[in-house]
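Got your viewer open and a selection box ready? Let's take a walk through this one, stop by stop.

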Amino acid sequence: MAADKQNDAKVSLMEENKENLPDGGLGLEILQIIKESQQQHGLRHGDYQRYRGYCSRRLRRLRKTLGFKMGNRHKFVGKKVTVEMLSDNRYLLLVLMEAERAWSYAMQLKQEANTEPRKRFHLLSRLRKAAKHSEKLEKLCESPRVDAKTKLEAQAYTAYLTGMVEFELQEWKQAMEAFNKCKTIYEKLASAFTEDLAVLYRQRVDEISPNIRYCAYNIGDQNAINDLMQMRLTGGGGGMMAEKLEALITQARTKQAATMSEVEWRGRTVPVKIDKARVFLLGLADNEAAIAQAANEETKEHLYETLLAECRDTIQAVKEELKTEAKQRERSSDGDTGKVSNLQYLHSYLTYIKLCTLVKRNESMAHTLQAKLKEPEADENKRGPRPQDLIRLYDIILQSLAELSTLQGLEDDHAFQKEVSLKTLVYKAYRCFFIAQSYVLVKKWSEALVLYERVLKYAKEVQSKAKSLNNSLKDLPDVQELIAEVNAEKYSLQAAAILDTDEIVEVPQQLVKDNTPLCDHLETFRFDPSLVGKQPSLVQFPPDFQPIPCKPLFFDLALNHVAFPPLDDKVEQKGKGGLTGYIKGIFGFGS
C-alpha cells in the first residue's frame with residue numbers, strides 16, 4: 001500500500017509539471033501510465049489479478065482525493081465524470097483506471113476459461129465494459145480543455161479495446177479496422193515526439209501487428225500465414241495472440257496431414273495411422289527450421305519447449321494405441337512376436353526425436369553458459385554461472401544418449417549404436433572438462449590434472465573412431481578445439497599450482513623421488529617444495545667435467561710440399577758395418 005501511494009504521488013507530480021502543447025490545457029500520458037502501472041504491478045509475470053487489485057485501490061484513492069464519492073457506506077449514489085468537471089487531469093485518470101480494471105479482469109477470466117469454458121461469457125462482458133469506459137474517456141478528451149496529444153492517445157486506446165472485443169467475438173473485419181486505426185495513430189505519434197515516448201508507441205504497434213495479420217488470414221489472405229510464422233520466430237504476439245497462433249498452425253497442419261500416410265526412418269518404412277502423429281511429423285521440419293532461425297535464446301528456448309510438449313503428447317497417443325495392440329496380440333495366439341511391430345517402431349522413432357531434441361536444447365543452453373563463463377563478472381555480489389551448472393546439463397545429455405541406445409528395434413543396428421557411442425564419448429569429454437574446472441576453482445590441482453588427462457584420452461578416442469563415421473560429427477562440438485583448450489588449461493594449472501605455496505607445503509615429500517635439478521626434467525611436471533625455498537635446485541653446480549678434443553699448438557700447412565734431402569748413404573753405411581763396425585765403434589778404432 002505504501003509503495004502504491006508513492007507511485008501515485010510520482011505520477012501525479014509528473015502529470016502536473018509536464019509541458020502541455022499550445023492548443024490545450026489538460027494532458028494525460030495514457031500509454032505511458034498504463035505501461036508503467038502494468039509492469040510494476042503484476043503484468044511482468046502475467047498476474048492480472050494483482051493488477052486488477054492495484055487498479056481498484058488506485059480508483060479508491062483518486063475518488064477520495066477528488067471528493068468524488070459514490071454515496072456512503074449505507075447507500076450507493078452513482079456519479080459520472082462530465083466535461084464540466086475537467087479542472088484536473090486526475091478526472092481523466094479516474095476513467096482510465098476504470099477501463100484498465102475491467103480489462104485486467106477480462107484477461108484474468110481468459111486465463112481461467114481454459115479450464116472453465118463458462119467464464120468466457122463473463123470475459124466478453126468485462127471486455128465490453130472496458131471498451132465502454134474507453135469510449136467515455138475519448139468523449140471527455142474531445143473537450144477543448146484537453147490537448148491534442150491526449151485526444152489522439154484516447155482515440156488509439158479506444159480503438160485498441162474495441163479491436164480486442166471484436167477479436168474475441170471473431171468479427172475479423174471489424175477487429176482489423178479497429179487495430180489498423182490504433183496502429184496508424186501510434187505510428188504518427190511515434191514520428192512526432194521524443195525517442196523515449198516513441199519507443200512505447202512502437203512497442204504497442206509491434207503488439208497489435210500479429211493480431212492484424214491473424215484477422216487478415218481469417219478474412220481470406222492466405223499470405224498472412226507466412227507473416228505470422230515469421231512473427232512467431234521473432235517472439236512477437238504474446239498472451240492471447242500466442243494461443244491463437246498455435247491453434248492456427250495446428251489447424252493448417254491438420255489439413256495437410258490428410259495426405260500423409262507413412263514415414264521412413266533408418267531404412268524402414270512405417271505407416272502412420274494416428275492423426276496426432278501425422279500432424280506432429282508434418283510440422284517437425286518447420287519447427288526445426290524455426291529453432292534454427294530464432295532471433296534470440298529466449299525465443300529458441302520457447303520453441304524447444306513447444307516442440308517437446310508436442311512430442312510428449314504424440315508419444316502418449318501412440319502408447320494408448322500400443323496398449324490396444326498388445327491386448328489384441330494376447331487374444332491371437334498365432335501372432336509374430338519376434339519382429340518389432342510398425343506401431344512400436346513408430347514409438348521408437350518419436351522417442352528418438354524427443355531425446356535428440358533434449359540433447360540439442362541442453363547443448364544450446366550449455367553454449368550460452370560457456371559464453372557467459374568467459375565473460376568478466378560485472379557485479380561481484382550477483383552469482384554468475386559456474387562449471388557445476390554445465391556439469392548438470394551434460395549429465396542430462398548423457399542420460400538421453402543412454403536411453404537412445406536402448407530403443408526397441410535398433411538393438412541390431414550397429415551403425416546407429418556406433419554413432420550413439422561416439423556422441424557419448426564427445427559429451428563425456430566435455431563433462432569431464434567442466435568437472436576439472438570445478439576442481440580448479442577449489443584449488444585441487446592434482447584432481448584437476450588427472451581429469452584433464454582423461455579429457456585428452458576421450459578426445460583422442462573420438463578422433464580415432466570418427467574416421468569411419470564422418471557424417472556423425474556434423475552436429476557435434478569440435479573436439480580439436482577442446483584439446484587445444486585443455487592443453488592451455490594444463491599449463492595454467494601447473495603454473496598456478498607452483499605459485500600456490502600453501503598447497504605446496506601440504507604436499508608430502510614422497511612426491512619427489514630424487515634430487516635432480518629442474519633443468520633436467522623441464523618436460524615433466526611434479527611438485528617440488530625446494531623450488532620455492534631458499535635453496536632451489538635449478539641446475540647442478542659446479543657442473544661435471546666433460547672430455548673435449550685438445551686444440552693443436554700449430555698447424556703445419558707446408559709439410560706436404562717440403563722436399564727433404566736423401567739419406568740413402570747413411571742408411572747403407574749403417575747396414576754395411578755389421579758386427580765389426582759395432583765393435584770398432586765401441587773401442588774407438590773407427591773414429
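Before you click anything, one cut-off to keep in mind: a residue is called buried when its relative accessible area is under 20%, exposed when that value is over 50%, and partly exposed in between. And remember throughout that you are looking at a predicted model.

**Stop 1: charged pairs on the inside**

Select Glu168 first. Its relative accessibility is 0%, so Glu168 counts as buried. Now add Lys110: these two form a salt bridge, with the closest N and O atoms 3.2 Å apart. The pair ties together distant parts of the chain, since Glu168 belongs to helix H6 (residues 148-168) and Lys110 to helix H4, 58 residues apart. Is Lys110 buried or exposed? At 16% relative accessibility, Lys110 is buried.

Next, pick Glu98 and Arg63. Here too there is a salt bridge, and the closest N and O atoms are 3.0 Å apart. Glu98 sits in helix H4 (residues 90-112) and Arg63 in helix H3 (residues 48-66), so you are seeing a link between distant parts of the chain, 35 residues apart. Both Glu98 and Arg63 are buried.

While you have charged side chains on display, add Lys35, Arg204 and Glu207, which are linked in a network of salt bridges. How many salt bridges does the structure hold? The count is 15.

**Stop 2: helix H14**

Jump along the chain and color residues 387-404, which make up helix H14. This helix has 18 residues and reaches 26 Å from first C-alpha to last, close to the 26 Å expected at 1.5 Å a residue. Show the side chains of its buried residues: Pro387, Leu390, Ile391, Leu393, Tyr394, Ile397, Leu398, Ser400, Leu401 and Leu404. If the spacing in that selection catches your eye, here is some background: an α-helix has 3.6 residues a turn, so residues three or four places apart point the same way. What do the buried residues of H14 pack against? Bring up helix H13 (342-374) and helix H15 (414-441) and you have both partners.

Stay on H14 and select Asp395, then Arg431. Their side chains meet in a salt bridge, 2.4 Å from N to O. Asp395 is in helix H14 and Arg431 in helix H15, 36 residues apart, and the pair links distant parts of the chain. Arg431 is partly exposed, with a relative accessible area of 28%, and Asp395 is also partly exposed, at 26% relative accessibility.

**Stop 3: the nonpolar core**

Now center the view on Leu281 and Leu346. In the largest nonpolar core, which has 71 residues, these two touch the most other members. To see where the core draws its residues from, show strand S1 (262-265), helix H11 (275-292), helix H12 (297-331), H13, H14, H15, helix H16 (445-465) and helix H17 (479-499); each supplies at least two. Which element gives the largest share? That is H15, with 13 residues.

Try coloring domain 1 (260-327 + 341-374) and domain 2 (393-500) separately. Both give residues to this core, so it lies between them. Apart from it there is another core, of 64 residues; to find it, select Leu109, Leu123, Ala131 and Tyr157, which are among its members.

**Stop 4: backbone oddities**

A reminder before the loops: most residues other than glycine have a negative phi, and most peptide bonds are trans.

Go to Arg266, in the loop between S1 and strand S2 (268-271). Its phi is near 50 degrees, a positive value in a residue other than glycine. Arg266 is partly exposed, with a relative accessible area of 33%.

Then move to Lys443, in the loop between H15 and H16. Phi of Lys443 is near 60 degrees, again positive in a non-glycine residue. Lys443 is partly exposed, with a relative accessible area of 45%.

Finally, select Phe541 and Pro542. The peptide bond joining them is cis, with omega about -5 degrees. You will find Pro542 in the loop between helix H18 (501-506) and helix H19 (568-587).

**Last stop: cysteines**

How many disulfides are there? The structure holds zero. Select Cys311 to look at one unpaired example: the nearest cysteine sulfur, on Cys356, is 9.9 Å away. Cys311 is buried, at 2% relative accessibility. Cys182 is buried as well, at 0% relative accessibility.

Methods. Residues are numbered from 1 along each chain as its sequence is written. This is a predicted model: local features need pLDDT of at least 70, side-chain atom pairs count only at pLDDT 80 or more; totals for chains, interfaces and linings use all residues. Side-chain values use heavy atoms; hydrogens and water are left out. Helices (H or I, at least four residues) and strands (E, at least two) are DSSP runs, numbered from the N terminus. The expected span of a helix is 1.5 Å times one less than its number of residues. Buried means under 20% relative accessible area, exposed over 50%, partly exposed in between (1.4 Å probe, protein chains only). Contact means heavy atoms within 4.5 Å. A nonpolar core is a set of buried Ala, Val, Leu, Ile, Met, Phe, Trp, Tyr and Cys residues joined through side-chain atoms within 4.5 Å. Domain bounds come from an automatic or database domain assignment. A salt bridge is a side-chain nitrogen of Lys or Arg within 4 Å of a carboxyl oxygen of Asp or Glu. A disulfide is a pair of cysteine sulfur atoms within 2.5 Å.
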